[in-house]
Amino acid sequence: MAYERHAELEGKWIRFSVYTFLAVAVGGLVLVIPPFFLQGTVEPIEGLAPYSALQQEGRDLYVREACYVCHSQQIRPFKTETDRYGPYSLAGESVYDRPFQFGSRRTGPDLARIGGKYPDSWHWIHFGDPRDIEPRSNMPDFDFLRQTEVDLSLTERKLATLAKLGHPYSEAQITGAVAAAEAEMAEIAKSLRSDGIELSETEARSEAIALIAYLQVLGTSVTELPPVDTAGSGNAGLVEGGAR
Amino acid sequence: MTGESGQPVYDMAVVRGFALSALVWGLVGMIVGLLAAVQLAWPEANWGPYLHFGRIRPIHTNAVIFGFTLGVVFAGTYYGIQRLCRVRMFSDTLSRINLWGWNAIIVAAAVSLVLGHTTSKEYAELEWPIDVALAVVWVVYAVNVFGTLARRREKGMYAAIWFWIATVITIAMLHIVNSMALPVSWMKSYSAYSGVFDANIQWWYGHNAVGFLLTTPILGLMYYFLPKVAGRPIYSHRLSILHFWSLIFIYIWAGPHHLIYSPLPDWAQTFGVAFSVALIFPSWGGMLNGLLTLSGAWDKVRTDPLLKMFVVGLTFYGMSTFEGPMMAVRSVNSLSHFTNWTVGHVHSGALGWVALTCFATLYYMIPRLWHTQLYSQRLANVHFWLATLGIVLYVTPMWVAGVTQGLMWRATNPDGSLAYTFIETVAAIRVYDVIRAAGGAVFLSGVFVMFYNVWRTIQQGSAELPEGALPNAAPATAGGA
């Protein structure tokens, strides 16, 4: 009987442990290994560039402040979601996202396509105190991001590390990372000032500026709903109203 | 090592250490959890760079999962394995490294998360040097456990040990694969995987952290301590065998249910859905094996606070393992995903099943570790009721808030346009955020009661063996608690 043979197994710790490992390894192998081979088949969508130096710094700040605990970056293929947020998320959009930022809870709205939705000055004011813009918001204020200068001491190394992981940065982009970040910061500061926002020296080089650079590029490489048959993507087409 | 009576002398110092550290981390983690709940209801409670919700939330989850729950698991396994194997732990040195190393990791985790060093992977937020340390300490634990099993003086390994073996092996595998990253500096790294593939591996890890940190080791505690407290053997050995192997085999496939309607390939999502639904059978096998163990002992449940905790814990285990498979079904998930329903689901499992079982385990061990009796059964009863009331006050508003928000997000006007702006859905659930914070406060107050009860128990007892007493003997009249 099987149960008697199990009694024998209960006396053998090595064999028991090996069987246990095999039991958990099967599902692990099937779910984890094949996607590695798929990785080559999911190409970045057309027009997708790796993040600029400042955008990447902004992204790292997004991760540091754990924005993902309240904001998803994953629009589902339902009409009510695409009406609210824009075209649903594609696999080919997030190939330069390390780590991914899909999120798991929308305490605030999805941000996958926040880029270009509001002017830079909107974000600047919103970071200062979200309730200045929306009195019912329960988002923490992130004024400290406006008062802290962004640290660019690791920027070059960050881009070099990402290049090692396969992000297509040129040698010039890596060595010129800091200069490019400075230039992009100046652009954003200029746009804020033209909207009538007074910036101190620190504010014009603040972490909030880098974060704005990141937010403003999010989801901008997709402008219309892609065709239903997207290679390697799980999007089986738009689902009406959310329910099947 | 054996005592004069010929009985092995077990190492209980490591158990005492983990029991106390778990209690402290539990208190810290739940205070931080209450702060997080308050911040969601009242945004004024976010402070500056270090104490806003984004930094607080991972500190809460890390402290309660790795500090509290795993602390109790280490204590319970060191307590149970020595007795089930009738031999002292393989190495006292490894036990000490495990105790101090682990607690150092929790301190490092708390400090680094406050400072904003995070990988952003849920329940795996720690940066690479802490991840490496965690892997090393885990291997130390594994060597200690397997070394003890190899030297055991009991022929068969009891079911509790199977669940602990599965924990040791699977957590090692999950942690190592999910934490792969390329460092930029000492406290910054980039994931070895990107985008959808990163998400796939993270939720393979994340879901199985629930499976192998919050389920299998806790089932092991249930298998060891519930029969002790009830004074009856486990209901069915065959059921143990069936539900153990099916549970560990099926669990590992279910991760993609966190990524339904995401860009993850459909076939993987479907695996996740199907195996999640199947998971109800082995889960309920475990619940039934626990509850039916009380056949003929139900009268004790009326009076013994520990049995109450075990029974309500198993009931919540049954409820949340029914709810989970249901939420993995695509049509339900389209409503529940991204809402507070998920938060309610997690806490019905974490507070109801994991915390209550851990409390009962601590209440059982602590008087025995300090050679005395529990200071107050009445306070343990008070704790039980505060915990239960707190869970109901926590979970119910989260269900209501989740369904409310899910329905409002998809509501449309007759012309097909969206009926509500996002902020209207935030305002609609605020009242439930307030009730949830109250529920958390009630639950936390129970932990303070426990803290006091344990402190008085330790005060009246002694870690040293009383003169003339046999090692490992239970206190004469400590039956039940």
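I take a contact to mean heavy atoms within 4.5 Å. With that settled, I started on chain A of this predicted model.

**Entry: chain A overall**

I looked up the fold of chain A and found 12 helices and zero strands. Reading from the N terminus, the order of elements is simply α-α-α-α-α-α-α-α-α-α-α-α. I then asked how far along the chain the contacts of chain A reach: of those with a separation of 6 or more, 75% join residues 24 or more positions apart. Chain A has 244 residues, and 55% of them are buried.

**Entry: helix α6 of chain A**

How many of the nine residues of α6(A) are buried? I found seven, so I noted this helix as mostly covered, with under 20% relative accessible area as my cut-off for buried. The buried ones are Asp120(A), Ser121(A), His123(A), Trp124(A), His126(A), Phe127(A) and Gly128(A). Next I checked what lies over them, and the cover includes α7 (130-133), α8 (143-147), α11 (177-194) and α12 of chain A.

**Entry: salt bridges**

I counted salt bridges over all chains and got 24. A few deserved a page of their own.

I went to Glu65(A) and found a salt bridge to Arg64(A), with the closest N and O atoms 2.7 Å apart. Glu65(A) also forms a salt bridge with Arg55(B), again with 2.7 Å between the closest N and O atoms. Is Glu65(A) buried or exposed? I have it down as buried, because its relative accessibility is 2%.

Arg64(A) is partly exposed, at a relative accessible area of 22%. Its other partner in my notes is Glu207(A), where the closest N and O atoms are 2.8 Å apart. Arg64(A) sits in helix α4 (residues 53-64) and Glu207(A) in helix α12 (residues 207-215) of chain A, so this pair ties together parts that are 143 residues apart in sequence. Glu207(A) counts as buried, at 6% relative accessibility.

I then turned to Glu93(A) and Arg113(A), whose side chains meet in a salt bridge at 2.7 Å, N to O. Both residues lie in the loop between α5 (79-85) and α6 (120-128) of chain A, so the bridge ties together parts that are 20 residues apart in sequence. I checked their exposure too: Glu93(A) is buried, and Arg113(A) is buried as well.

Last in this entry, I traced a network of salt bridges that links Glu57(A), Asp60(A), Lys158(A) and Lys188(B).

**Entry: where chain B meets chain A**

I counted 99 residues of chain B and 90 residues of chain A in the contact. Together the two chains bury about 8,100 Å², and 67% of that is on carbon and sulfur atoms. Which three residues of chain B give the most of the area it buries against chain A? They are Tyr190(B), Tyr261(B) and Phe338(B), which supply 11% of it.

For polar links, I found 26 residue pairs in polar contact between chain B and chain A, counting pairs with both residues at pLDDT 80 or more. Helix α6 (residues 195-213) of chain B gives the most to the side that touches chain A, with 11 residues. I sorted that side of chain B by type and got 55 nonpolar, 29 polar and 15 charged residues. The salt bridges between chain B and chain A number two.

**Entry: nonpolar cores**

The largest nonpolar core has 158 residues, and I found the most contacts inside it at Trp102(B) and Phe359(B). Helix α2 (residues 53-85) of chain B gives the most to this core, with 17 residues. I listed what Trp102(B) touches, leaving aside neighbours within four places in sequence: Phe18(B), Phe66(B), Leu70(B), Phe74(B), Ile97(B), Leu134(B), Val137(B) and Trp138(B). A separate core of 40 residues lies apart from the largest one, and its members include Ala53(A), Leu54(A), Ala204(A) and Tyr214(A).

**Entry: Ala13(B)**

I finished with Ala13(B), which is found in helix α1 (residues 13-41) of chain B. Ala13(B) is partly exposed, with a relative accessible area of 34%. I also looked up its separation from Leu99(B), 86 residues apart along the chain: the two C-alpha atoms are separated by 9.9 Å.

Conventions. Residues are numbered from 1 along each chain as its sequence is written. Chains are lettered from A and ligands numbered from 1 in the order in which they are written. This is a predicted model: local features need pLDDT of at least 70, side-chain atom pairs count only at pLDDT 80 or more; totals for chains, interfaces and linings use all residues. Side-chain values use heavy atoms; hydrogens and water are left out. Buried area is the accessible area (1.4 Å probe) that two parts lose on being put together, summed over both. A salt bridge is a side-chain nitrogen of Lys or Arg within 4 Å of a carboxyl oxygen of Asp or Glu. A polar contact is a pair of N or O atoms within 3.5 Å; within protein, one must be able to donate a hydrogen and the other to accept it, and residues adjacent in sequence count only if both atoms are side-chain atoms. Helices (H or I, at least four residues) and strands (E, at least two) are DSSP runs, numbered from the N terminus. Ala, Val, Leu, Ile, Met, Phe, Trp, Tyr, Cys and Pro count as nonpolar, Asp, Glu, Lys and Arg as charged, and the others, Gly among them, as polar. Buried means under 20% relative accessible area, exposed over 50%, partly exposed in between (1.4 Å probe, protein chains only). A nonpolar core is a set of buried Ala, Val, Leu, Ile, Met, Phe, Trp, Tyr and Cys residues joined through side-chain atoms within 4.5 Å.
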